[in-house]
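This report looks at a set of annotated residues and at the strands and loops around them. Please keep the sequence and the structure in view while reading.

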Amino acid sequence: MVRPIVAPSILASDFANLECGCHKVINAGADWLHIDVMDGHFVPNITLGQPIVASLRKAVPRVDDTSSSKPKAFFDCHMMVESPEKWVADFAKCGADQFTFHYEATKDPLALVKLIKSHNIRAACAIKPGTPVDVLFELGPHLDMALVMTVEPGFGGQKFMIDMMPKVEALRNKFPQLDIQVDGGLGKDTIPHAAKAGANVIVAGTSVFTAENPTEVISFLKSEVAE
Ligand code: DX5
Ligand code: ZN
């Protein structure tokens with residue numbers, strides 16, 4: 001059985017108080033931090049790059065770092081960039097625990113998976129709403145995680161696309177043990193659809209960062225997946 005994982009997207013946090021925002025969601029029960037990297041080419045928006053991830057890594061140590069008493073987290077880097085292969089070494093070095101590239105952004109996904117794993121971090125592949133799920137069937141056995149986008153990548157706060165759920169179902173049927181992530185528009189109203197389809201890694205930006213009680217939202221998202 002795959003385990004429920006909630007990954008708040010820091011895109012919805014106040015970038016001037018990033019450390020504080022990250023500690024807040026970790027203390028509220030977040031399993032991972034979802035870090036949206038956008039280059040203004042693959043998507044029509046620019047967010048953050050490796051200097052910020054490196055600084056954040058000092059504020060939020062790796063899960064296995066026993067030398068620090070700070071809140072720790074797994075860094076899930078969602079790379080919405082062209083030529084993702086160019087950035088694997090830098091991101092592995094600056095603190096990524098997982099590198100998720102877009103299928104649409106690379107010519108040789110399997111070579112990229114191998115490159116990512118050679119840096120001893122987890123490899124994941126994302127598909128945009130317009131990309132058929134079949135492209136992941138051959139790659140699936142080599143992946144640590146598949147990401148089915150439930151919005152067009154580029155911006156937080158968009159509406160969840162329920163019509164992506166058959167893709168999640170198809171992946172779950174083929175790969176019972178694979179981590180399957182959904183990203184975009186996830187919150188209390190939409191989580192039942194994603195959980196029923198078989199997603200176990202839930203990205204949630206707006207719904208967690210704007211919540212009065214993030215602990216309650218995170219535990220609700222987790223409990224829906226666990227059922
Ligand atoms: C969109 C990003 C998402 C986004 C999710 O391109 O990949 O991670 O921040 O934000 P919400 O949860 O607000 O839809
Ligand atoms: Zn994302």
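Two residues are in contact if their C-beta atoms, placed from the backbone, lie within 7 Å. The model described here is a predicted one, and the contacts below should be read with that in mind.

**The annotated residues**

In the unreviewed UniProt entry, the annotation "active site" covers Asp 36 and Asp 183. Although these residues are spread over 148 residues of sequence, they cluster in space, with a largest C-alpha distance of 10.5 Å. According to the same kind of record, an unreviewed UniProt entry, the annotation "binding site" covers His 34, Asp 36, His 78 and Asp 183. These residues span 150 residues in sequence, yet no two of their C-alpha atoms are more than 10.5 Å apart, so they gather at one spot.

Where do Asp 36 and Asp 183 sit along the chain? Asp 36 has its place in strand 2, which covers residues 32–38, while Asp 183 is found in strand 7, which covers residues 179–183. If residues up to four places away in sequence are not counted, Asp 36 touches Ser 9, Leu 11, Thr 47, His 78 and Met 80. With neighbours within four places in sequence again left aside, Asp 183 is in contact with His 78, Leu 147, Met 149, Thr 150 and Val 203. His 78 therefore appears among the contacts of Asp 36 and also among those of Asp 183, by the criterion that C-beta atoms lie within 7 Å.

**Buried or exposed**

A residue counts as buried if 20 or more other C-beta atoms lie within 10 Å of its own, and as exposed if 12 or fewer do, with partly exposed in between. The table sets the two annotated residues beside two loop residues that are taken up further below.

| Residue | Other C-beta atoms within 10 Å | Class |
|---|---|---|
| Asp 36 | 25 C-beta atoms | buried |
| Asp 183 | 27 C-beta atoms | buried |
| Ser 83 | 13 C-beta atoms | partly exposed |
| Asn 120 | 8 C-beta atoms | exposed |

**Strand 7 and its partners**

Why is strand 7 described as largely enclosed by the rest of the structure? Four of the five residues of strand 7 are buried, and so the strand is largely enclosed in this way. Strand 7 pairs in the parallel sense with strand 6, residues 145–149, over five bridges, and in this pairing Met 149 stands opposite Asp 183. Strand 6, helix 5 (residues 165–174) and strand 7 together make a right-handed β-α-β unit. Strand 7 also pairs in the parallel sense with strand 8, residues 201–204, over three bridges, and here the bridge partner of Val 182 is Ile 202 in strand 8. The chain crosses from strand 7 through helix 6 (residues 191–197) to strand 8, and this β-α-β crossover is right-handed as well.

**Around the ligand**

Of the 22 residues around ligand 1, those that come nearest are Ser 9, Leu 11, Gly 156, Gly 205 and Thr 206. Strand 2, strand 8 and helix 7 (206–209) each supply at least two residues of the shell around ligand 1. When the residues of this shell are sorted by class, eight are nonpolar, 12 are polar and two are charged.

**Two loop residues with positive phi**

Ser 83 lies in the loop between strand 3 (74–80) and helix 3 (88–94), and its phi is positive, at about 45°, although Ser 83 is not a glycine. Asn 120 is found in the loop between helix 4 (109–118) and strand 5 (122–127), and its phi, also positive in a residue other than glycine, is near 60°.

Note on methods: Residues are numbered from 1 along each chain as its sequence is written. Chains are lettered from A and ligands numbered from 1 in the order in which they are written. This is a predicted model: local features need pLDDT of at least 70, side-chain atom pairs count only at pLDDT 80 or more; totals for chains, interfaces and linings use all residues. UniProt positions are given in the numbering used here, feature names are shortened, and annotations may be inferred rather than shown by experiment. Two strands pair if DSSP finds at least two bridges between them. A crossover is right-handed if, with the strands pointing away from the viewer, the path from the first strand over the helix to the second runs clockwise. A residue is near a molecule or strand if its C-beta atom, placed from the backbone, lies within 6 Å of it. Ala, Val, Leu, Ile, Met, Phe, Trp, Tyr, Cys and Pro count as nonpolar, Asp, Glu, Lys and Arg as charged, and the others, Gly among them, as polar.
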